[in-house]
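Good morning, and thank you for joining the meeting. I would ask you to keep the structure open on your screens while I go through it.

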Amino acid sequence: YDGDFEYLFEHRVGDAHLVAPALAVESVAAGGGSVCRYDGFQLKVGPESTGASPGPACYGAGGPLTLTDVNLLLGRLDPERFEIPIDPAAAERALRAVREAIADSEGDAPEIEILLQGLLDIADERMADAIRRISLARGYDPADYALVAFGGAGAQHACAVASRLGIRRVLVPEDAGLLSAAGLAAAVVERFGERQVLLPVAEVREQIVPWIEELGRTAAAAVAEAEEGVPAAEIEVRRRLLDLRFAGQEGTIAVELQEGVPVEEAFAAAYRTLYGYTPEGRPVELVALRAIASSRPAPLAATASGPAEASPASPTSHRRACFSGRFREVPVYERAGLSPGATFVGPALVFERHSATVVAEGWEGRVDGAGALVLALPDCTRS
């Protein structure tokens with residue numbers, strides 16, 4: 001994230017080619033409901049999902065082994081904290097069925113810890129690969145960034161995913177399990193103004209600003225006319241994008257229009273970031289213009305500023321859980337009882353009402369001044 005969102009204006013969903021604006025979100029089928037199975041040749045996690053009905057095996061409704069069951073059997077989830085009755089024995093039976101399938105095919109079944117860890121590793125690798133597709137493939141090194149973990153299960157896998165990507169800091173916001181719902185409630189109303197050009201920048205340079213200002217007015221009017229009824233004073237033109245390419249190319253790069261920065265210069269910098277070089281002597285073509293208008297985002301709630309004084313946290317209990325391939329007693333912390341400045345080390349579990357955080361061995365945790373849980377490798381905790 002770099003101050004605003006990245007958009008796609010053409011994308012594929014299954015076999016459909018859609019020409020419509022959307023946020024650039026990379027999805028991966030490795031969620032809590034993803035089915036864990038042996039297909040006769042190898043272990044697989046997803047893409048099939050059991051959904052809410054019948055749900056994971058532990059729901060007791062006849063569902064298959066899923067990633068939720070794997071985390072439960074590894075001791076990383078507490079069945080008493082679910083909103084519904086949980087049946088660990090049903091998860092064990094589903095795991096036994098997978099082990100028997102492996103034994104029938106290969107003559108021997110792996111140990112339970114090895115099998116569970118293997119399924120977890122597959123899921124973690126698929127999540128990490130999704131991040132590689134939206135970072136390394138676009139010229140960004142994930143190791144230069146922090147990983148934000150949210151959703152009910154995101155923080156269960158965050159340390160493992162971060163380690164695979166060379167990321168050394170993970171941020172788990174307050175109410176991480178409800179963050180999607182909170183974001184939806186705070187989302188702005190957006191509308192787009194678009195114009196196709198398909199001409200060299202040199203031929204239309206003087207018209208770019210008037211065109212995009214006109215598109216901004218069109219997009220702002222569309223926001224005002226939206227069903228949500230946004231007052232005119234609350235509307236702003238937030239983005240002014242140019243779709244550019246070198247003459248003869250098919251793909252484009254979206255570049256922000258910046259006052260005082262020549263279009264070709266901004267495009268060359270974006271191209272170099274993406275591909276590592278810039279072709280010489282090729283004219284730049286303006287494919288399209290886009291202006292994005294929206295309602296003003298809601299102001300952020302005030303939070304404590306500055307570093308909080310560090311103080312070791314005391315676990316509320318201990319729990320038998322599997323870390324690094326073996327079961328052991330690990331400390332359990334209640335997220336609600338961790339004040340700003342509280343620190344602890346992994347392996348550990350942090351439970352809250354709507355999610356659970358797994359702090360891997362070698363990682364340290366602390367609560368920052370805003371109440372977020374920061375997980376880091378030791379040399380990152382103070383920076």
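**A loop serine and its surroundings**

Leaving aside residues up to four places away in sequence, S355 touches G151, G152, A176, G177 and V350. I should say at once that this is a predicted model. S355 itself sits in the loop that connects β17, residues 348–351, with β18, residues 356–359. Is S355 buried or exposed? Its relative accessible area is 8%, below the 20% limit, so S355 counts as buried.

**The sheet that includes β17 and β18**

Both strands flanking that loop belong to an open sheet of four strands, ordered β14-β15-β17-β18, in which the pairing is mixed. At the edges stand β14, residues 317–323, and β18, each of them paired on one side only. From one strand to the next, the twist averages 35°.

Let me turn to the pair at the start of that order. β14 and β15, the latter covering residues 326–334, run antiparallel and are joined by seven bridges. Two of the bridge partners can be located on your screens: A321 is matched with R328 of β15, and S317 is matched with V332 of β15. The two strands form a hairpin with two residues between them. In the turn, S324 has a positive phi of about 55°.

**The antiparallel sheet and its helices**

There is also an open sheet of four strands with the order β9-β12-β10-β11, and here the pairing is antiparallel. Which strands stand at the edges? They are β9, residues 190–200, and β11, residues 253–256; each has a single partner strand, so one side of each has no neighbour in the sheet. Neighbouring strands are turned against each other by 25° on average, direction ignored.

Within this sheet, β10, residues 235–246, is joined to β11 by four bridges, and the two run antiparallel. One point of reference is L244, whose bridge partner in β11 is I253. Two helices pack on the sheet. Helix α7, residues 208–224, touches β9, β10 and β12, the last of these being residues 284–295, and its direction makes about 30° with that of β12. Helix α8, residues 263–275, touches β10, β11 and β12, and its direction makes about 130° with that of β11.

**Helices α2, α3 and α4**

I now come to the helices earlier in the sequence. The axes of α2, residues 88–106, and α3, residues 112–134, come within 11 Å of each other and cross at roughly 100°. An angle between 65 and 115 degrees counts as roughly perpendicular, and α2 and α3 are therefore described in that way. From α2, the contact involves L95, V98, R99 and I102, while α3 contributes I112, L115 and L116. By character, these contact residues divide into six nonpolar, no polar and one charged.

Does the length of α3 agree or disagree with that expected of a helix? At 1.5 Å a residue, its 23 residues should span 33 Å, and the end C-alpha atoms lie 34 Å apart, which agrees. Buried residues of α3 include L115, L116, L119, L120, A123 and M127, and also Q117 and D124. The buried residues of this helix pack against β5 (34–38), β6 (43–49), α1 (67–73), α2 and α4 (154–165).

That brings us to α4. Its 12 residues should span 16 Å at 1.5 Å a residue, and its end C-alpha atoms are 16 Å apart, which again agrees. In α4, A155, Q156, H157, A158, C159, V161, A162 and L165 are buried. The buried residues of α4 pack against α1, α3, β7 (147–148), β8 (169–172), β18 and β20 (373–376). This list takes us back to β18, the strand that follows the loop of S355. After α4 comes G166, whose phi is positive, near 75°.

**A last loop**

I close with E10, which is placed in the loop between β1, residues 7–8, and β2, residues 11–13. Not counting residues up to four places away in sequence, E10 touches H17, L18, V19 and A20. How far apart are E10 and P88? They are separated by 78 residues in sequence and by 44 Å in space, C-alpha to C-alpha.

Key
Residues are numbered from 1 along each chain as its sequence is written. This is a predicted model: local features need pLDDT of at least 70, side-chain atom pairs count only at pLDDT 80 or more; totals for chains, interfaces and linings use all residues. Side-chain values use heavy atoms; hydrogens and water are left out. Axes are lines fitted to C-alpha atoms, for helices over the stretch in contact, and angles run from 0 to 180 degrees between N-to-C directions. Angles under 35 degrees count as roughly parallel, over 145 as roughly antiparallel, 65 to 115 as roughly perpendicular and the rest as oblique. Contact means heavy atoms within 4.5 Å. Ala, Val, Leu, Ile, Met, Phe, Trp, Tyr, Cys and Pro count as nonpolar, Asp, Glu, Lys and Arg as charged, and the others, Gly among them, as polar. Buried means under 20% relative accessible area, exposed over 50%, partly exposed in between (1.4 Å probe, protein chains only). The expected span of a helix is 1.5 Å times one less than its number of residues. Two strands pair if DSSP finds at least two bridges between them.
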